[in-house]
Structure formats: structure tokens, C-alpha cells
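Visitor: I am new to protein structures and would like to learn how to read one. Could you take me through it step by step?

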Amino acid sequence: MAELKTDHLVLNMGPQHPSTHGVLRLEVVLDGEVVIDVIPHIGYLHRCFEKHCEAMTYPMVIPYTDRMDYLASMYMNFGYVEAVEKLMNIEIPERVKYIRVIMGELQRIASHLVAIGTFGIDIGAFTPFLYCFRDRERILDLFEMTCGARLLYNYMWIGGLSHDLPPMFIPELKSFLKDFRKNIKELNDLLSYNKIFIERTANIGILPADTAINYGCTGPVLRGSGVNWDLRKNDPYSIYDRFDFEVCVGKGEIGTVGDCWNRYMVRVREMEQSCLIIEQAIEQLPEGDVTSAIPKRVKPPVGEIYFRVESPKGELGYHIISDGTVNPFRVKVRAPSFVNLQILPVISKGYLVADIIANLGSLDIVLGEIDR
Amino acid sequence: MTTTEILEILKEKFSVEQFEIQSNIGGEILIVPSNVLLDLCFFLRDDERLAFDSLMNLSGVDLADGEKKKLEDGSFEIVGGHLATYYHLHSFKHNHKLTLKVLLPRENPVVPSVERVWRSADWHEREAYDLFGIVFEGHHNLKRILLPDDWDGYPLRKDYKVQEFYQGMKVPY
Amino acid sequence: MGILDKEFTESNIIITKFDDLMNWARLSSLWQMTFGLACCAIEMMATSASHYDFDRFGVIPRPSPRQADIIIISGTVTLKMALRIKRLYEQMPEPKYVISMGSCATCGGPYWNHGYHVLKGIDRVIPVDVYVPGCPPRPEALLEGLLKLQEKIRNESHVKKQV
């Protein structure tokens, strides 16, 4: 009998697909159900951020940074304003620094909650999503209380903040932290140590540490592979060197170091560490005026800077070139998800179609930031 | 390690007269010619004392230092001058950084691809090709990444003009 | 106006107008296509989640356009995406409704001027029933938009020729 000729099947996933976290298109090459190759196609949300920067003045860029990673707007602001302040050499008040850290860490929790919730949906657990969004709503309430917006804040300004904290902020925050600790435990019982969840994620999409570094992965993806690297610790910016916290890495107590479960677990643990940082920041929060250092006219000298911060998704870098005018000459954003997504073909090869979804969910990408 | 110290190490293998250090607010920049870039990058990665194992960022820049020519419809065109690519390197091992800059002629911006050195350069280079038209020689899959394949022009060049229609849809407001 | 024009208490019979009955059925189970584009999609997700509970209006997410009644264009539509959206819209069965959520979908939003790759309004590609302004609109605003759409459906007629 002549041998049956078999061909590879090319499957198109997206740009509209419920589990691609936005408008990502994946071209999947299959042999039966085994993945031979995955080719990501991006650009379906390319909103020309870098072109806008060149036409705007420095403060006008801040709202656009919000809209890049819309799950972590505060952190996008954080990176941008710190970079411009560095370029202009502005010394900002102590209170501003602390409030920025509090907001940034709250945003990290909110972003991780979305990542965890949608990861759950991707692999078939709907209930944790509702639990995560319940907690996230409380963080959004805190943000709304401070700056009036739920999602895109435009809160951090060059040299300061748009508003000081309202009087009820600190008590509300403390009560949130108290409840949230319990909720993390609940989340662990519900999802993290769930047998079905472990079966779907442990030993799936294993990413070795050296590959992760060569591909430029950062954030929870890198730490999930066991690399102890966090810019807040290793290259401290702002006032992160004043706080005592642990860098969470994948330990491999379930599955293997570098698999989906470990990447997921890094996020859960990081939320606890963020709570710790916030608590310390509340303790040390000084009094002062948050708008005193805002310059009337933002006009950095000729020069350029590459400034990076540890956003919830990884290393967020701003490469800003100033030609001495009020408009940036060039702003390039090194978006963490953009680089992290490149690893998807590497970790998906040889697994099944359903595992692509698990891998993608564990990378926690945001298309707004990838396409900009 | 500062850029000057790195340059001392580079002396062993490269003729450093072709390199130039540009002082800058956010850290010094090493300007290198494009013909030695690939060798230099391999050296920077593999030498034990340097060990730049990660490429943090790669940006293309339109320096717009050429001659501006007014066109009839009020827009302008830039003739001559340079584009540039920036490489922000970082070493996990030694925790030091280095910024490389390569100047490219605007009319023929060709630079060797560093994708083989750091895999993270893959998409960054495709993006720079997409938005600036910088050609990365030796890249395995150099095509547009953000914009559709049938797009006209390179949007982040300073003299870019928006096309009127794309596939029957009006582009300007 | 309501569905219960006349009810016979003993016999389980309701007399109503055909239009009212059909419209009532349609507006109370608007199945929505799971389709997120950008920032607004997160607010849409928040609307579906525990706090705002979209389900109480009969809005249930469906992953396929062939099972959906409404599509919420939630976010910036780029030129690369626009034709895909058009195709998704064409795949939906009649009657179908479109909510344009947020400034970007309505008119290009903050990207109207320099956004060389942004479609300045989804109504250049597909017809829109309700526009919800905001950047992004709050979940309450989206709910209000949905109520407006329900109002519109309530006044439709299947027998009379539509103006």
C-alpha cells in the first residue's frame, strides 16, 4: 500500500477570537493536533503613538501613554514622567514619590488581577474572573476617588501629580489591603491549587532561563523561569530602594520552573509583595504639596535618555530624544509585551492547540502596548 | 563599567579610531560605523568582561539633518542627511549598560541585522523597517509588522505624507 | 404600551400586538459578540463582570458572530482591522445592531489628527445604532447606551413599512 501523504494544516486564530486578549492574530501550523509553528501577526491596534508624541508637547503625551497599556495606565505614566524628569533634572517632593509608588503598586495588583482572571477564563474557569474583578473594582474606586477616572488616569504629571490624596483614601486603602490578603488565599484555593488548573498549566510551555534572556523576556515571564531579576531591586528607580520586599521567582514546587503555572504563580506572589510595599509606603508617607515642583514650561535641554521601569508586564523603557524644543523629537517605547510575545512560537512548539491558549494567557500580553 | 572603560577593552580587537563617544545627559553614547556592527555585537556579547547578554531596546530615529525641500502642495521632503539606529544593551551578569548608535545615510539605510546575536532584536528590527524603512541585512523575515503589507511609505520619517485612501477607506479625518 | 394588553386570568392567554411581542423578545435577549478592541474592551469586560452585571439585561457574550445579535465596537478601529470588522458584521444574522463604544470608535477619538493608521469612525464602514461617548465610557454609560438601543428596538415595526 502506498503511504498516505499528510500535509500540515494551517489554522488561523484571530484577530477576533475570545482568548487572544485583544486583536492578535495567530497563524498556527498543525500536524494533527500537535503544533509545528505559531506565527503571531500584530498591528491590528497600531494607533501611531510615536507619531503623536512628535506632534505633542511633553505634558500632552501623558494621556497617550495611558492608552498604551490600558491595564496599567498608572505605570505607563510613571515611566514617562520619571524619564522626562530625569532629562530635565527636576527634583520632585518626597510626598509625590511615595504617592507614585503607592499608585504604581496598586496598579500592579489591578493588572495582575486581570491577568489572572482572564487566564482562568482562557482555560475554562469562569468564576475566578468574577472574584478578580470584584477586587479590581475596589482598586479602581480608590483611583477614581483620587483622580476621577476609572481606567485612564492622566494622574502623574511631570514634576508632580494632578491631585493630592483625598482624606478618605488612606483608611479605604487600609481596609482594602486587609480584605485583599484574605482574597488572595481564596484565589489560591479556588484556582492556583485546583487540580484541573494544575493539569492544564503545569509542565506546559517550559521556557528555559537562557532562552528567556536571549529573547529579551522580562517581568513575570522571566522570573517564572527562575531568574531573580526585578528592576525595582536590581536597578532601583524612584524610591524603591527604601522598601523591604522579596523578588518572586518561579520555584517549581508544582510542575517545572518556567512553565505556565510558575509564571502564573509569580503574579499571585507579586500581589502579596505589592501589598507589603504599599503598607510600608503608607507608614512613611510624608506631608507636603504635590504640585509645587510642576514646571510652568516643559522644555528639556538637548539630549536623550533611555529610562526603564518594572511595569506589571515587565521592563518598560522610554527612549526619549529631545532637540531642545517643547515637542519630543522622538519617543520610542520598549513595550514589555511586544518583546515577551516573541517567545510564544518557541514555547508552543510540540504542544497541543489548547496549550497555545494556556501559553498566551500566561504571557499576559496587552495589544495596546504591543502595537502602540 | 563606563563607556570609556568599555572602549579600552574594545581596543584589543577593534581599531577604536572609528568609534566616537558622544556625551549626553542620559549616559554616554558610542557611535559606531555600520560595517563593524555585527562583529562588535558578537564581541560585546561573548567577551566575559562585558557579557552584554540582553538587548533592551532597539530604536530607529530619523535625524532629519538633511536639506528640507518645499514641495508645491505645501508639504516638504528631506533630501540627504541621516537615519540612525540605537541599541541599548544591558548585561545581567555585570549589571552595566551601553548605548550604541549607528548613523545611516537616508537614501540607502542599510545596517547588518543583530538578530543572530540577540533574538529579541527580531521584532524590533521589523518595526524599524516598517516605520522608517531601515533595511536590516541578514534578517530572516524582514517585512512589515505593524502596518499592513500593502501600506505606502514609512510613517515615522519626518517628511511622511499620509495617503488619502487605503483600500477604499478615507484615511485623513 | 406593554406586552400585557389584555390578559385572561383563568386561561393563561395573553392578547397583544405582534410587534410588541416580537420586540419584547428581541430586546430582552440581546446576545453580544465577544469582541474587544482596545481600552474600552476592558470597561466592557468590567460591565459584564460582577459589579455591573450585564447579564441582567439579557446580554450574554457569544464567541461566534453567527449567534450574536449585537456587536459592541469597543475601542480604536485601525485600518488593518476595519475590513475584518466589516466581515464579522456581515456574518451576523439579521436583525443585528451595532453599538459604537467610546470616542475612538465614534470619530477617531484622541487619534483623529495624527493617527495615520486609525479609522476615523466605525460608521465609515458599518452602520451604527447607538453611539456611546467617553474615553473610555463608564460602565454606566454603556448600560445607558444599551437601554437606548432597547428603546429603539421597542419602537420597531415588522408589519408597517419603516420610514
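Guide: Gladly! Let's start with a word we will need often: two residues are in contact when they have heavy atoms within 4.5 Å of each other. Please keep in mind that this is a predicted model.

Visitor: Thanks. Among contacts in chain A between residues at least 6 apart in sequence, what percentage join residues at least 24 apart?

Guide: In chain A, 72% of those contacts link residues at least 24 apart.

Visitor: Which helices and strands make up chain A, and how many of each are there?

Guide: Chain A contains 15 helices and 8 strands. Its radius of gyration is 21 Å, close to the 21 Å from the globule rule for 372 residues, so chain A is as compact as a globular protein of that length. Along the principal axes, its C-alpha trace spans about 85 × 45 × 35 Å. Of the 372 residues in chain A, 67% are buried.

Visitor: How should I describe two helices that pack together?

Guide: Two packed helices are described by the angle between their axes and by the distance between those axes. Take helix α4 (residues 94-122) and helix α5 (residues 127-147) of chain A: their axes come within 9 Å and cross at roughly 155°. That angle makes α4(A) roughly antiparallel to α5(A). The crossing of α4(A) past α5(A) is left-handed.

Visitor: What classes of residue form the contact of α4(A) with α5(A)?

Guide: There are 14 nonpolar, 3 polar and 2 charged residues in the contact of α4(A) with α5(A). On the α4(A) side they include M103(A), L106(A) and I109(A), and on the α5(A) side F129(A), C132(A) and F133(A) are among them.

Visitor: Where can I see another angle between helices?

Guide: Look at chain B, where helix α1 (residues 3-10) and helix α2 (residues 37-46) pack at about 105° with their axes 12 Å apart. α1(B) and α2(B) are therefore roughly perpendicular to each other. I6(B), I9(B) and L10(B) of α1(B) meet L40(B), F43(B) and L44(B) of α2(B). This contact of α1(B) with α2(B) has 6 nonpolar residues, no polar ones and no charged ones.

Visitor: Is E137(A) buried or exposed?

Guide: The cut-off for buried is under 20% relative accessible area. E137(A) has 2% relative accessibility, so E137(A) counts as buried. This residue is in helix α5 of chain A. Apart from neighbours within four places in sequence, E137(A) touches R150(A), A46(C), H51(C) and Y52(C).

Visitor: What covers the buried residues of α6(A)?

Guide: The cover includes α4, α5, α7 (195-201) and α11 (260-284) of chain A. Among the buried residues of helix α6 (residues 169-192) of chain A are F169(A), I170(A) and N183(A).

Visitor: What should I look for in the backbone?

Guide: Most residues other than glycine have a negative phi, and most peptide bonds are trans. N89(A), which is not glycine, has a positive phi near 60°. N89(A) sits in the loop between α3 (73-88) and α4 of chain A, and is exposed, with a relative accessible area of 69%.

Visitor: Where is there a cis peptide bond?

Guide: One cis peptide bond joins E94(C) and P95(C), with omega about -10°. P95(C) is in the loop between α3 (79-91) and β6 (97-101) of chain C. The bond from C135(C) to P136(C) is also cis, with omega near -10°.

Conventions:
Residues are numbered from 1 along each chain as its sequence is written. Chains are lettered from A and ligands numbered from 1 in the order in which they are written. This is a predicted model: local features need pLDDT of at least 70, side-chain atom pairs count only at pLDDT 80 or more; totals for chains, interfaces and linings use all residues. Side-chain values use heavy atoms; hydrogens and water are left out. Axes are lines fitted to C-alpha atoms, for helices over the stretch in contact, and angles run from 0 to 180 degrees between N-to-C directions. Helices (H or I, at least four residues) and strands (E, at least two) are DSSP runs, numbered from the N terminus. Angles under 35 degrees count as roughly parallel, over 145 as roughly antiparallel, 65 to 115 as roughly perpendicular and the rest as oblique. A crossing is left-handed if the near helix is turned anticlockwise from the far one by less than a right angle, and right-handed if clockwise. Ala, Val, Leu, Ile, Met, Phe, Trp, Tyr, Cys and Pro count as nonpolar, Asp, Glu, Lys and Arg as charged, and the others, Gly among them, as polar. Buried means under 20% relative accessible area, exposed over 50%, partly exposed in between (1.4 Å probe, protein chains only). The radius of gyration is taken over C-alpha atoms; the globule rule is 2.2 Å times the number of residues to the power 0.38.
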